[in-house]
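Biologist: Could you take one part of this model and go through it slowly with me? I'd like the numbers, and what your terms mean, as you go.

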Amino acid sequence: MEQEPHPGQAGGACTPCLRRAAGPRPFDEGPAQLEHVRIRGKDTTPEKRVRTLLHRLGYRFRLHVLVALSASPGERVRVRCRIPRSVSVDIILPKYKTAIFVHGCFWHRHRRCKNCTTPTHRRAWWLKKLEGNAVRDKLHQRALRKLGWRTIVVWE
Ligand SMILES: [Zn+2]
């Protein structure tokens, strides 16, 4: 978790900003619970916090939803090589047709962030992999917006 928001990020909202908007958290998670969360993989701590906030703000949401990206057969043919047919969205607000991604700064290349590092060992391999992640994220978000979705990225 980062302590500072990232005002320079277009279309991004930081967890601390959302937290401030929602007021103080009801409880603090102990280390044991954090460990439990990590083991489960999908339920990362920042995502849980975003969920808690959304819940408190009164939003109805669904988790880990597979959203189809191909609007028509023609479009599917044109983008087949670059965009998969669907994308798994961390949190969706169906009523507002909004897709929220909770992204780790390392894996998703949070630009100008101190957590956006590149390992020195096998640097080229890591760069290719991590930049690939970022490119895929952009493609997913663009495809979603084309289908009328609003996309929000929350950085850890
Ligand atoms: Zn970051």
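**A close look at S4, H5 and S5**

Modeller: Let's start with one rung: Thr98 has its bridge partner in S5, and that partner is Arg150. Keep in mind that this is a predicted model, where local features need pLDDT of at least 70, side-chain atom pairs count only at pLDDT 80 or more, and totals for chains, interfaces and linings use all residues. Residue numbers start from 1 along each chain as its sequence is written.

My labels are DSSP runs numbered from the N terminus, with helices (H or I) of at least four residues and strands (E) of at least two. Two strands pair if DSSP finds at least two bridges between them; S4 and S5 have six, and they run parallel. Put H5 in with these two strands and you get a right-handed β-α-β unit. Right-handed means that, with the strands pointing away from you, the path from the first strand over the helix to the second runs clockwise.

Now the stretch from S4 to H5. Gly104 sits in this loop, and its C-alpha is 6.1 Å from that of Trp155, although the two are 51 residues apart in sequence. For exposure I count other C-beta atoms (placed from the backbone) within 10 Å of a residue's own: 20 or more is buried, 12 or fewer is exposed, and in between is partly exposed. Gly104 has 16 such neighbours, so it counts as partly exposed.

Two arginines in that loop deserve a look. Most residues other than glycine have a negative phi. Arg112, in the loop between S4 and H5, has a positive phi of about 60°, and it counts as exposed because it has just 8 C-beta neighbours inside 10 Å. Arg122 belongs to that loop too; its phi is also positive, near 55°, and with 10 neighbours inside 10 Å it counts as exposed.

Next, the helix. The expected span of a helix is 1.5 Å times one less than its number of residues. H5 has 24 residues and so should span 34 Å, and its end C-alpha atoms are indeed 34 Å apart. His140, Ala143 and Leu144 are buried in H5. What covers its buried residues includes S2 (62–68), S3, S4 and S5. Just after the helix comes Gly148, with a positive phi of about 90°.

What does the unit pack into? A nonpolar core is a set of buried Ala, Val, Leu, Ile, Met, Phe, Trp, Tyr and Cys residues joined through C-beta atoms within 7 Å. The largest one here has 15 residues, and Val89, Ala99, Ile100, Phe101 and Val154 have the most contacts inside it. S3 (86–93), S4 (98–103), H5 (123–146) and S5 (150–155) each give two or more residues to this core. Phe101 makes a handy landmark: leaving out residues up to four places away in sequence, it touches Val89, Asp90 and Val153. A contact means that two C-beta atoms, placed from the backbone, lie within 7 Å.

Stepping back, the whole chain has five helices and five strands, in the order β-α-α-α-β-α-β-β-α-β from the N terminus. Of its 156 residues, 16% count as buried. Among contacts with a separation of 6 or more, 62% join residues 24 or more positions apart.
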